[in-house]
Structures are given as C-alpha cells and as structure tokens.
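Here is a short report on one protein chain. Keep the sequence and the structure in view while reading.

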Amino acid sequence: MTAGRKPPCSHSTAPDMDKKTVILVHGYGSRGAAQDFTEFTAAMSPEKYNVIPFDYDYRAPLAQSADKLAALVKQSGGAHVLAHSMGG
C-alpha cells in the first residue's frame, strides 16, 4: 500500500487463512485501490473475506509491480485478484 493510505474498511492486511482473500488492484493512473473500490469493499463481509488493497506506482517498471503482487498472493496463501483498467 502507498505510504499514508489506509483501506476505507475494517478488513485487515494480515490474512485470516479461514477466509477467502481478495486483492484489489487499481487501474493505470488511479488514486489507489482503497479509493477506487470503496463501495465494493464496504459491501464485502469482513467475516467471510480478507480484502487487501494493492497499490502500485504506475510509473514504476511493470515487472517490479508484478513481483510485489505475486509476493502478496503467495503470502496470502492464494487469492482472488480483482483489478480494473482505465476502461475503454
């Protein structure tokens, strides 16, 4: 997550292995996953899901962001990744 940003929900970034983990990835040039998915995250049940916003610097090399996301998926024990682009 980008420094100073926190998810707008009560979901933890330390995954509970008894819950399904959903990693949210924002689109290019976005404000960040936590902000882009506010309504979606509010609708997710914290009893059933670990919701983790994944923020990345869209100006950084793609391989760097991919490595960080892969490490997060591995750390979580496997996850559903929900991502969006700019649209169009």
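Val25 stands opposite Phe54 in strand 2. Val25 also faces a second strand, standing opposite Ala83 in strand 3. The model is a predicted one. That residue is a good way into the fold, and the sheet comes next.

## Fold and sheet

The chain holds three helices and three strands. Along the sequence they follow the pattern β-α-α-β-α-β. The strands form an open sheet with the order 2-1-3 and parallel pairing. Strand 2 and strand 3 stand at the edges, each with a single partner strand, so one side of each is left without a neighbour in the sheet. From one strand to the next, the twist averages 25°.

The table lists the two pairings of strand 1.

| Pair | Partner residues | Bridges | Direction |
|---|---|---|---|
| Strand 1 with strand 2 | 49–54 | Six | Parallel |
| Strand 1 with strand 3 | 80–83 | Four | Parallel |

Strand 1 spans residues 20–25 and is mostly covered. Five of its six residues are buried. Ile23 of this region stands opposite Ile52 in strand 2. In a regular strand the side chains alternate between the two faces of the sheet.

## Two nonpolar cores

Which residues make up the largest nonpolar core? There are six: Val22, Leu24, Ala33, Phe37, Met44 and Val51. A second, separate core has five residues, among them Ile23, Val25, Ile52 and Leu72. Ile23 and Ile52 thus appear again: they belong to this second core, and they stand opposite each other across strands.

Val22 has a long list of partners. Leaving out residues up to four places away in sequence, Val22 touches Met44, Tyr49, Asn50, Val51, Ile52, His80 and Leu82. Of these, Met44 and Val51 are listed with Val22 in the largest core.

## Ser65 and the salt bridge

Ser65 sits in helix 3, which covers residues 62–76. Is Ser65 buried or exposed? The cut-off for buried is under 20% relative accessible area. Ser65 has 10% relative accessibility, so Ser65 counts as buried. Beyond its neighbours within four places in sequence, Ser65 is in contact with Phe54, Tyr56 and Asp57.

Asp57 has a further role in the contact list. The side chains of Asp57 and Arg59 meet in a salt bridge, at 2.8 Å from N to O. Side chains of opposite charge can pair when their charged atoms come close. A search of the whole structure finds one salt bridge. The two partners fall into separate accessibility classes. Arg59 is exposed, with a relative accessible area of 66%. Asp57 counts as partly exposed, at 35% relative accessibility.

## Loop and tail

Gly77 is found in the loop between helix 3 and strand 3. Gly77 is exposed, with a relative accessible area of 64%. How far apart are Gly77 and Thr21 in sequence and in space? They are 56 residues apart along the chain, and their C-alpha atoms are 8.5 Å apart.

His84 lies in the segment after strand 3. At 33% relative accessibility, His84 counts as partly exposed. Setting aside neighbours within four places in sequence, His84 is in contact with Val25, His26, Gly27, Asp36 and Phe37. Two of those names are familiar: Phe37 is in the largest core, and Val25 is in the second. His84 and Ser30 are 54 residues apart along the chain. Their C-alpha atoms are separated by 9.9 Å.

## The chain as a whole

Of the 88 residues, 31% count as buried. The accessible surface comes to about 5600 Å². Carbon and sulfur atoms account for 55% of that surface.

Contacts reach far along the sequence. Among contacts between residues at least 6 apart in sequence, 72% join residues at least 24 apart. The parallel pairing of strand 1 with strand 3 joins residues 20–25 to residues 80–83.

Notes:
Residues numbered from 1 in each chain as written. Predicted model: local features only at pLDDT ≥ 70, side-chain atom pairs only at ≥ 80, totals over all residues. Heavy atoms only, no water. Helix = DSSP H or I, 4+ residues; strand = E, 2+ residues; numbered from the N terminus. Buried < 20%, exposed > 50% of the residue type's maximum accessible area, 1.4 Å probe, protein only. Contact = heavy atoms within 4.5 Å. Areas by Shrake-Rupley, 256 points an atom, 1.4 Å probe, with all protein chains shown as cover. Pairing = 2+ DSSP bridges. Axes fitted to C-alpha atoms, helices over the stretch in contact; angles between N-to-C directions. Salt bridge = Lys/Arg side-chain N within 4 Å of Asp/Glu carboxyl O. Core = buried A, V, L, I, M, F, W, Y, C linked by side-chain atoms within 4.5 Å.
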